[in-house]
Amino acid sequence: MALKGDNVVVSNMKLERIFSMKGGKGETSYANNSQAQARHARSMLHLLEETLDGVQLNSPEVPFVVVDLGCSSGNNTIYVVNVIIKHMTKRYEALGQEPPEFSAFFSDLPSNDFNTLFQLLPPLANYGGGSMEECLAADNHRSYFVAGVPGSFYQRLFPAKSIDVFHSAFSLHWLSQVPESVLDKRSTAYNKGRVFIHGASESTANAYKKQFQTDLAVFLRSRSQEMKRGGSMFLVCLGRTSVDPTDHGGAGLLFGTHFQDAWDDLVQEGLISAEKRDNFNIPVYAPSLQDFKEVVEADGSFVVNKLQVFKGGSPLVVNQPDDAAEVGRALANSCRSVSGVLVDAHIGDKLSEELFSRVERRGTSHAKVLLEQLQFFHIVASLSLA
């Protein structure tokens, strides 16, 4: 008799209530499996700083407000906020002006592990004891005030005209939901036998694309109301170089091959039913440059300052590339850190453990190919209000 998952089907739940990157500081946590994202973010710093150079400087008497959308729970978001605030401080100082006070909002879904994030934050510099310059020079201290903002970025999150800089990296490819038709047996878009868009039918791909278009348009409209005139937005999300939306490149290799095969293993071994597998889909869409551009232009809230595809590299960070077991473990941990919460909710913790152990074994068997071929591309966009 097939073992059933412990919990209910994720598709019937509100995704934003349960979804998050894997919290905590354990081996499979996002905090310990986002080194690749850190590398990719550092390689794009020159593009971020170009965007920041276009931000209007307001009166130093008015706080300068920075937001990181999809902050998750590791050090990466803290690093980027520090970069933004230091860069803006230098711009004020170059004009001979006293920098304003800075405020940073870290935002993600309510299920995000904000506790781990806040524990990683350095203590606030003592503003009462000296000048802003002394505070900024203080080692291991932050020079900005902090707040967490729980909520989906596919809705309004902040008061009108209150934000100077929006930053979001490696988040916008996550959809607000799996398209309903993808999970509907009566629909031509039903993604039978698959858990991801990679290699799916044209109808399935179109359903994913439509969901992405809807979500991004809502995101842009929300941010356009919240941003100050003269502010800027810097966005990075998974992208693809193929015009074919069923070819998701690196994301396809991550979720459409060994991860997919691991689900099939559970079905063939009678641990879950085929229907249980088919009711699970990764809610990710990696847009092409044209996909992204079309939504921005159709919405009309923002103008594009820069839009490009950026080669990010591999999501796998390994110390010993010749150690196949380490590569397999890195693949499983990478998958688990970003999708583990959804898998746990769908089939329960025990079967989730089974699934990812199979991902690890398959990754170990294909270690060389993974290191050679698993490459991510990103859409990088710099936008300002129209």
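Two strands count as paired if DSSP finds at least two bridges between them. Keep that cut-off in mind for β2 and β3: seven bridges join these two strands, so the pair qualifies. This is a predicted model, and the briefing looks at two parts of it: strand β2 with its neighbours, and helix α11.

**Strand β2 and its neighbours**

- Strand β2 covers residues 102-108, and six of its seven residues are buried, so there's not much of this strand on show under the 20% cut-off for relative accessible area.
- On one pairing, β2 runs parallel to strand β1 (residues 64-69), with six bridges joining the two.
- If you want a spot to look at in that pairing, L69 has S107 of β2 as its bridge partner.
- Strand β3 (residues 144-150) also runs parallel to β2.
- Here, F106 stands opposite G148 of β3.
- Helix α4 (residues 75-94) joins β1 and β2 in a β-α-β unit, and the unit is right-handed.

**Helix α11**

- Helix α11 takes in residues 324-347, and 21 of its 24 residues are buried.
- Its end C-alpha atoms are only 28 Å apart, whereas a straight helix of 24 residues would span 34 Å at 1.5 Å a residue.
- There's also a bend in α11: about 70°, at S339.

**The two ends of α11**

- At the start of the helix, D323 puts a side-chain oxygen within 3.1 Å of the backbone nitrogen of A325.
- After the helix comes G348, with a positive phi near 90°.

Key: Residues numbered from 1 in each chain as written. Predicted model: local features only at pLDDT ≥ 70, side-chain atom pairs only at ≥ 80, totals over all residues. Heavy atoms only, no water. Buried < 20%, exposed > 50% of the residue type's maximum accessible area, 1.4 Å probe, protein only. Helix = DSSP H or I, 4+ residues; strand = E, 2+ residues; numbered from the N terminus. Right-handed = clockwise from strand over helix to strand, strands pointing away. Expected span 1.5 Å × (residues − 1). Bend = angle between axes of the 7 residues up to and from the residue. Polar contact = N/O pair within 3.5 Å; in protein donor to acceptor, adjacent residues only side chain to side chain.
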